[in-house]
Amino acid sequence: ETTLTGVSYLPPSYKALSYGSAGFVERLNESDAVSVDYYDSGKLLKADEQLPALRAGTIDFMFHTTSYVTRSIPILGITGLPGVVEALYENPGRIAKGSPLFELINEELAKEDLYMASMMGNILEPEYLWSTEGGAVRSIGDMEGKKIRVVSFEATKVAEDFGAAAVRIPSSELYLALQRGTVDAAVANISTVIGRSLQEQLDVVYKLPMTAYGIGLFTTTQRWERLGDAEKAAFDEAAAWFEENGAAQANDTIYVDEYWPMIEEAGLEVVEPSEEELARLDEVAQAVRDAWIEEVGAEVGERAIALALGNGS
Amino acid sequence: MRKIFEGLERLSRGGGEIVLAFMVVTICYDAIMRYLFTAPTSWSLEINTFLIIYVAIMTAADVQRTDSHIRISFFSDMMGKGGQRATRVVIGLFGVAFSGIMAWRGYLMAFQAWDYGERVSSSFGTPMVFPYAMIPIGFGLLAVRFALNVLDAITGRNQDDREDLQNV
Amino acid sequence: MLEPISVVVVLLGLIGAGAPIFLALGASGLLGLYMARGSIAFFFAPTSFFGQLNSFELIALPLFILMGNILGATPVGRNLFHAASLWLQWLRGGLAIATVGASAIFGAVSGVSVAGVAAVGAIAVPQMLERGYSRTLAAGSVASSGALAMLIPPSVPFIIYGAVSGVSVGALFIGGILPGFVLALALSLYIYIRVRRNPDEAPAQDGPAPSTGEKVRALGGVWHALLLVFIVLGAIYAGIATPSEAAAFGAAGAMFIAAVVFRCLSWAQAREIFVSSIRVSGAIMLIIGCAKIFGDYLNLVRVPETVSAALTATDLPAWAILTLIMIALVLLGMLVDAVSLIVVTTPILLPLIQTLGYDPLWFGIVLVMNLEIAVVTPPVGLNLYALKGVCPQLEIEDIIRSVVPFVFVQFFVLMIFVLFPGISLWLPGLL
Ligand code: NA
Ligand code: NA
């Protein structure tokens, strides 16, 4: 048996996000060809150290949130582009293993010696705007002059273009910052909100798809090629399970049956954006997309966006 | 040579003083701009976080020069002169090995980050090579300082007087 | 299990031989990683180090150290303790008790215990020593009460436990108030009893009782300190700054008081303060970073997991299992930093706790109470080093010795909350 070392920085308590990765590890470990030495919760490596560790060959595979590495691996930015993510999220097949977009991503990753075995079948439900009573955001217009906590480059740009101040504070201080009004709102995936109990301090969720991310299963092309056939088969089989259940379980089951009801129970007002507002987001987000296209190259960038929007082939 | 090296140590400690002042000023500036004008910076959190690495490692050699790192000298104080010198040599060798490995692998880390163009995925997007580079530089200086400790212990040269941490 | 033991032996050997603590932790951790994983270990060491320190919350440490050092150059600390000694003259050991109170108040500002030790220790220890308090009483009261910052909200450990366990952070914050208060009270009570039995440790103030006028006049000298507390607390509660950022306001405020109010900050003096602050901060941060290398080794060979798992396999009565868990956590807390301890042991212990029929909220509270002990127990006891950093006149050996009785008090209070879970859950239950 070959031992493969894998990591994820997410704790099991973020159960929507780690359901897929934990299941993958369990299945891979059960195979005869591979045993797994797995460390979640950032026990072995913090989020920022995972990619360097993978490249150095210290670990064999990693689960990583795409939004953490979009500026190091620009092609993964496709999972976070405003104006694109909604369409991508609604159509799980478009980034599924074997799809043209999936292959395109891997072609780009290969240039950096990386291989993505799966993107959990889809990206996760987009990140929305979560705000407090004092700084409630119920429309794009409301964003003007608000202090919004963001992390990723994509969300920062959009927030600023709508007249908001993009604030960066550590995630451990977000709870208190919302309570004290240090920030008015945060752009976040529902998993983060539930995981940090932020719903206790929040009053409104405005479901404008600001950005999104997926959780990819990555290894290096070198490591992948060095694996024997039996090991590859075991890996692929477990990855296929991850592909089928990763995003699906989070988006369609845990979010719907547990997390959104918890949000409702906490008394948050849920505001859906109008068609007009979505169109405005799309318009403003053009600048973000242009910047991204410039980074990945015009041909690749435009093709990836077309595929994500269902226009390409 | 020794004088030049000490100059380097003092220089990186002097940088630390600037770093500390920079932290105070920029964090206050960022928070006030955010609170009063809703116009925070994009860089304060990111740069200041990396400067913590500076505080941790870039002054380490200078602190070791004056033997001011926190340590328990209770048992070694009970040893004779010869025993003390021997332990100084052994500890110095451990120090050279540890700091040397940290510097060497830290260099590879920084080099790779540069090679692959790794950046923070924020709007400011610091290239990771800069924060990483502090590890090989800081531990490199520390390794040299430990080597000098070994040399001094063998030749019987006295260490610079121990300056206690606050009475610099 | 032989390998981890030999690594711990190397660690203790290096510390005993007088090696810098950071080196003992880093080198033995690296050696362990090498034995476990071969040359790949060389990768982990710098990444662990970097990953540990690459965290904005740590910024409060150098900034509060700077604040403490600046205040040390002003009469602020002296005025404050002069007033306290006049008002508390009737109470033997009053200054040590006041120190516990100051730590508790500081804990309501800061979520990290080393910052509390640095800020309170820099002022309180020199004042107590000057008034003839014993070194162990002065050091022990600061190092142990500094940890109250973790229990009294805001609290970074509670936020981390919340993320790992899914328990409401708000409920944890409320849950931390009562144990924080009880622990502060217990430490004060211990100090009171101790100085009654050993009067030499805290000399009674000579001279006649101060007049009321004198007492009121002394209060005139404490407004600077109150202003500073107001700046730091106010910045957080008004939403101007996060708790980490507030440290910068504290440092800036102290600078203002020194330069403008007392006009006692010459350029040369200011530089001296910055030099010593950066060196002290650097020395402590280096230990924090290298402790992580050692901790990562223990995590890699799954020592905390193995210990936790062994506990879940016993079929003892609930109270005995809980007691064993608490003792094991105290022992692990000697070697592992507080955050790792939460992250690694919670997922394993929590299912057992719930099977035994206990509330995860309660477990979070007693876990953090346990960490109060972890941060003052060597070799990985950062409060000890933080205190040494700001009080060079204390020997680290003295500091370690001085916390021993306080640890027993902490453990006693902990066990009350462990064996009577209803006490911890009472306050959160009201809300
Ligand atoms: Na606190
Ligand atoms: Na400890």
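In the predicted model, strand β9 (residues 204-211) of chain A and β11(A) run parallel and are joined by 3 bridges. One pairing between them places A:Val205 of β9(A) opposite its bridge partner A:Val270 in β11(A). These two strands belong to an open sheet of 6 strands in chain A, in which the order is β7-β6-β8-β5-β9-β11 and the pairing is mixed. The edges of this sheet are formed by β7 (165-167) and β11 (269-271) of chain A, each of which pairs on one side only. From one strand to the next, the twist averages 30 degrees.

Chain A also contains an open sheet of 5 strands, again with mixed pairing, in the order β2-β1-β3-β10-β4. In this sheet β2 and β4 (114-118) of chain A occupy the edges with a single partner strand each, so one side of each is left without a neighbour in the sheet. Neighbouring strands are turned by 30 degrees against each other on average, with direction ignored. Strand β1 (residues 2-7) of chain A runs parallel to β2(A) and is connected to β2(A) by 6 bridges. Along this pairing, A:Thr2 stands opposite A:Val34 in β2(A), and A:Thr5 has A:Asp37 in β2(A) as its bridge partner.

Although β2(A) is an edge strand, strand β2 (residues 34-39) of chain A is mostly covered, with 6 of its 6 residues buried. The side chains divide into two sets: A:Val34, A:Val36 and A:Tyr38 point one way from β2(A), whereas A:Ser35, A:Asp37 and A:Tyr39 point the other way. Both sets are buried. A:Asp37, the bridge partner of A:Thr5, is also part of a network of salt bridges that links A:Asp37, A:Asp40, A:Lys43, C:Arg37, C:Arg302 and C:Glu305. The network thus includes residues of chain A and of chain C.

Over all chains, a search of the whole structure finds 30 salt bridges. One of the pairs in chain A is formed by A:Lys111 and A:Glu108, with the closest N and O atoms 2.8 Å apart. The two partners differ in accessibility: A:Lys111 has a relative accessible area of 65% and is therefore exposed, while A:Glu108, at 15% relative accessibility, counts as buried because the limit for that class is under 20%.

In chain B, B:Arg65 takes part in salt bridges with B:Glu9 and with B:Asp62. The side chains of B:Glu9 and B:Arg65 meet at 3.7 Å, N to O. B:Glu9 lies in helix α1 (residues 2-37) of chain B and B:Arg65 in helix α3 (residues 60-65) of chain B, so this pair ties together parts that are 56 residues apart in sequence. Both B:Glu9 and B:Arg65 are buried. In the pair of B:Arg65 with B:Asp62, the closest N and O atoms are 3.0 Å apart. Here both residues lie in helix α3 of chain B, 3 residues apart, which is about one turn of the helix. B:Asp62 is buried, as is B:Arg65.

Helix α1 of chain B also holds B:Thr26. With a relative accessibility of 7%, B:Thr26 counts as buried. A polar atom of the B:Thr26 side chain lies 2.7 Å from the backbone oxygen of B:Phe22. When neighbours within four places in sequence are left aside, B:Thr26 is in contact with B:Trp43, B:Ser44 and B:Asn48.

The sodium ion (ligand 2) has its protein donors in chain C. These are C:Gly333 (O), C:Ala374 (O), C:Thr377 (O), C:Thr377 (OG1) and C:Val380 (O), at 2.1 to 2.9 Å from the ion. C:Thr377 thus contributes both O and OG1. The donor residues follow the sequence spacing G-x40-A-x2-T-x2-V. C:Gly333 and C:Ala374 link distant parts of the chain: C:Gly333 is in helix α17 (residues 318-335) of chain C, C:Ala374 is in helix α19 (residues 360-374) of chain C, and the two are 41 residues apart. C:Gly333 and C:Ala374 are both buried.

Technical notes:
Residues are numbered from 1 along each chain as its sequence is written. Chains are lettered from A and ligands numbered from 1 in the order in which they are written. This is a predicted model: local features need pLDDT of at least 70, side-chain atom pairs count only at pLDDT 80 or more; totals for chains, interfaces and linings use all residues. Side-chain values use heavy atoms; hydrogens and water are left out. Donors are N, O and S atoms within 2.8 Å of the metal (3.2 Å for Na, K and Ca); water is not among the atoms, so sites may look incomplete. Helices (H or I, at least four residues) and strands (E, at least two) are DSSP runs, numbered from the N terminus. Buried means under 20% relative accessible area, exposed over 50%, partly exposed in between (1.4 Å probe, protein chains only). Two strands pair if DSSP finds at least two bridges between them. Axes are lines fitted to C-alpha atoms, for helices over the stretch in contact, and angles run from 0 to 180 degrees between N-to-C directions. A salt bridge is a side-chain nitrogen of Lys or Arg within 4 Å of a carboxyl oxygen of Asp or Glu. A polar contact is a pair of N or O atoms within 3.5 Å; within protein, one must be able to donate a hydrogen and the other to accept it, and residues adjacent in sequence count only if both atoms are side-chain atoms. Contact means heavy atoms within 4.5 Å.
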